[in-house]
Amino acid sequence: MQKPSLPKGTRDFGPIQMARRNYILDAIKDTFQLFGYQQIETPAMENLSTLTGKYGEEGDQLLFKILNSGDFLKGVVPEDVAKGSVANLSKLAEKGLRYDLTVPFARFVAMNRNELSFPFKRYQIQPVWRADRPQKGRYREFYQCDADVVGTDSLLCEAEIIGMIRQVFSKLGLINYSIKINNRKILTGITEAIGAEGKEGPLCVAIDKLDKIGWEKVQEELQQRGFEKSSLTRLAPLVDLQEGVKARISVLAEFLKNSPIGLQGLQELEEVFLLLEQMGSNLDQVDFDPMLARGLSYYTGAIFEVKAHEVTIGSVCGGGRYDNLTGVFGLPGVSGVGFSFGVDRLYDVLEELNLFPRHRLEGTQLLLVHFDQAGFGYALRCLTVLREAGIRAELYPEVTKLKKQLEYASKKELPYVGICGDQEIATDTLAVKVLATGAQESLTLNEVIAKLQASI
RNA sequence: GUGAUUGUAGCUCAGUUGGUUAGAGCGCUGGUUUGUGGAUCCAGAGGUCGCCGGUUCGAGCCCGGUCUUUCACCCCA
């Protein structure tokens with residue numbers, strides 16, 4: 001006998017977990033649809049050429065590759081072996097599992113450019129796979145819920161993304177979180193203003209640790225990463241920014257006054273806030289963080305990230321605008337902006353904060369129980385009638401002690417049990433018992449149906 | 001990818017300097033109750049101590065490897 005096990009970083013989802021996952025997914029789906037997004041799906045596997053080179057060097061290493069079928073060593077000659085596995089990859093594997101939903105979407109748009117009408121708003125909820133080292137909140141297989149718009153530069157999309165995030169979180173009862181927003185152009189502007197052009201990456205990695213290790217240590221780290229002393233001095237005004245979007249914008253306006261690109265980014269950001277204001281949005285959880293950096297490999301405009309407070313888990317949502325993602329697939333000049341919820345992390349957050357409602361929405365409403373063959377036969381007839389009336393009913397499938405049948409109902413937390421004994425057969429009724437209270441009454445089938453339909 | 005960490009019954013965990021037959025609580029099964037679940041009480045089942053190898057008269061405990069879990073870095077949902 002072999003011991004059953006799962007691949008590293010993967011999980012099963014049992015009935016309770018699925019109910020909860022669907023609760024999250026429904027909130028997200030409803031919101032996407034409300035904002036006019038249409039659903040698509042793409043294959044789990046893509047050609048490796050579609051995936052490689054899109055996520056930076058690190059990303060390429062995290063791709064799961066699929067060994068060619070048949071004789072996968074066919075094209076490899078002995079001399080190739082010495083060159084190592086990376087050099088031979090193209091001969092061994094031509095497909096890979098998708099790493100995110102954005103790149104497959106870009107491929108989809110490029111391939112279907114003539115059928116789609118732009119701007120095209122799509123959402124997509126599917127698993128993705130990354131050969132990362134698993135941790136809490138980090139899995140090798142996990143679901144992303146993406147919504148993207150391609151084919152328009154309008155900043156309304158950015159504003160609506162914030163609207164959707166707020167709506168989903170509010171549906172899930174999650175209050176204590178912050179939506180951080182920034183613009184890639186502002187980051188570029190900042191590096192220009194401090195004389196460290198092109199070093200956005202290391203700058204943000206170090207600054208991000210400000211809360212943890214303090215300004216002194218961050219300066220040390222920045223120096224190690226090759227920043228000049230003069231750059232650090234010029235950076236100082238951004239370290240201790242006061243709260244409030246408007247205040248921060250005016251500080252940045254001064255800071256970036258000699259950087260046209262930085263000012264453009266700032267202006268885009270202001271417009272997003274202006275649109276939100278016109279939509280009458282509440283901006284309580286929205287924060288402008290000029291040091292927020294994500295996915296530097298392809299974002300070119302707005303950048304978003306959402307973190308839940310009181311929980312030590314990475315971001316639950318992220319996204320941004322990319323000017324030319326479909327360019328590599330031969331469709332230049334199409335701008336896109338999108339974002340993604342991480343259901344698996346949202347699940348962990350809701351669980352840790354105890355925010356899942358106690359619901360058993362899709363469960364059986366009534367279990368028919370019996371004492372003997374005669375009761376079983378009577379229950380069969382009742383079962384059909386109840387189901388035809390739309391009552392979610394089941395029949396205990398074995399003739400056994402009543403105790404066992406009631407325990408079954410109790411464990412499944414079913415609300416009602418219908419007892420089918422000789423008395424019930426004689427009077428053409430069911431003894432309907434409410435499991436929670438133990439109360440019991442004799443009802444005809446029609447009365448049962450009316451009662452259960454009313455209780456929905 | 002780098003450095004740590006975890007693994008004993010279905011679950012949560014004890015297990016002394018290496019020493020006879022590896023324990024508890026919860027859960028599970030049966031009974032107490034032949035037309036009534038949850039509570040009480042009684043009884044029972046269930047473990048190749050993650051796996052492989054080594055040291056030893058003797059390994060759950062020590063050593064090496066491997067898988068898994070979790071954490072920091074990196075990156076990210």
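How many Å does helix α10 (residues 210-224) span between its end C-alpha atoms, set against a straight helix of 15 residues? I began my notes with this, keeping in mind that I am reading a predicted model.

**Helix α10**

I find that α10 spans only 16 Å between its end C-alpha atoms, where a straight helix of 15 residues would span 21 Å at 1.5 Å a residue. Looking along α10, I locate a bend of about 75° at Glu216. Past the helix I come to Gly226, which follows α10 and has a positive phi, near 95°.

**The eight-stranded sheet**

I next traced the open sheet of eight strands, which I read in the order β1-β5-β6-β11-β10-β9-β7-β8, with mixed pairing. Its edge strands are β1 (38-39) and β8 (286-288), each of which pairs on one side only. At the β1 edge I see two bridges to strand β5 (residues 120-129), the two strands running parallel, and there Gln38 stands opposite Arg122 in β5. I then looked for helices against this sheet, and I note that α7 (residues 156-171) packs on it, touching β6, β7 (177-183), β8, β9 (302-308), β10 and β11, with a direction that makes about 15° with that of β11. Helix α13 (residues 260-278) packs on the sheet as well, touching β7, β8 and β9, and its direction makes about 140° with that of β7.

**Two backbone details beside these strands**

I checked the stretch leading to β5 and found that the peptide bond from Phe118 to Pro119 is cis, with omega near 0°; Pro119 is found in the loop between α6 (102-111) and β5. In the loop between β9 and β10 I stopped at Glu310, a residue other than glycine whose phi is nevertheless positive, near 65°.

**The three-stranded sheet**

I also followed an open sheet of three strands in the order β2-β4-β3, where the pairing is antiparallel. The edges here are β2 (45-47) and β3 (65-67), each pairing on one side only. Direction ignored, I note that neighbouring strands of this sheet are turned by 45° against each other on average. Three bridges join β3 to strand β4 (residues 93-97) in antiparallel fashion, and the bridge partner of Leu67 in β4 is Ala93. On the β2 side I again find three bridges to β4, antiparallel, with Asn47 standing opposite Lys95 in β4.

**Strands β14, β15 and β16**

Turning to the later part of the chain, I see four bridges joining strand β14 (residues 416-420) to β15, which run antiparallel, and in this pair Gly418 stands opposite Val432 in β15. Four bridges likewise join β15 to strand β16 (residues 440-443), also antiparallel, and I list Leu443 in β16 as the bridge partner of Leu430. β15 and β16 form a hairpin with five residues between them, and Gly438 in the turn has a positive phi of about 85°.

**The surroundings of RNA strand B**

Which residues are closest to RNA strand B? I count 43 residues around the strand, the closest being Lys136, Gly342, Leu406, Gly421 and Gly438; the last of these, Gly438, is the one I had already met in the hairpin turn between β15 and β16. The elements that give two or more residues to this surface are β6 (141-150), β10 (317-322), β11 (336-342), α14 (343-352), α16 (402-411), α17 (422-427) and β15 (430-434). I recognise β6, β11 and β10 from the eight-stranded sheet, and β15 from the hairpin with β16. Which element gives the most to the surface near RNA strand B? I find that α16 does, with five residues. By class, I record 13 nonpolar, 15 polar and 15 charged residues on this surface.

Technical notes: Residues are numbered from 1 along each chain as its sequence is written. Chains are lettered from A and ligands numbered from 1 in the order in which they are written. This is a predicted model: local features need pLDDT of at least 70, side-chain atom pairs count only at pLDDT 80 or more; totals for chains, interfaces and linings use all residues. A residue is near a molecule or strand if its C-beta atom, placed from the backbone, lies within 6 Å of it. Ala, Val, Leu, Ile, Met, Phe, Trp, Tyr, Cys and Pro count as nonpolar, Asp, Glu, Lys and Arg as charged, and the others, Gly among them, as polar. The expected span of a helix is 1.5 Å times one less than its number of residues. The bend at a residue is the angle between axes fitted to the seven residues ending there and the seven starting there. Two strands pair if DSSP finds at least two bridges between them. Two residues are in contact if their C-beta atoms, placed from the backbone, lie within 7 Å. Axes are lines fitted to C-alpha atoms, for helices over the stretch in contact, and angles run from 0 to 180 degrees between N-to-C directions.
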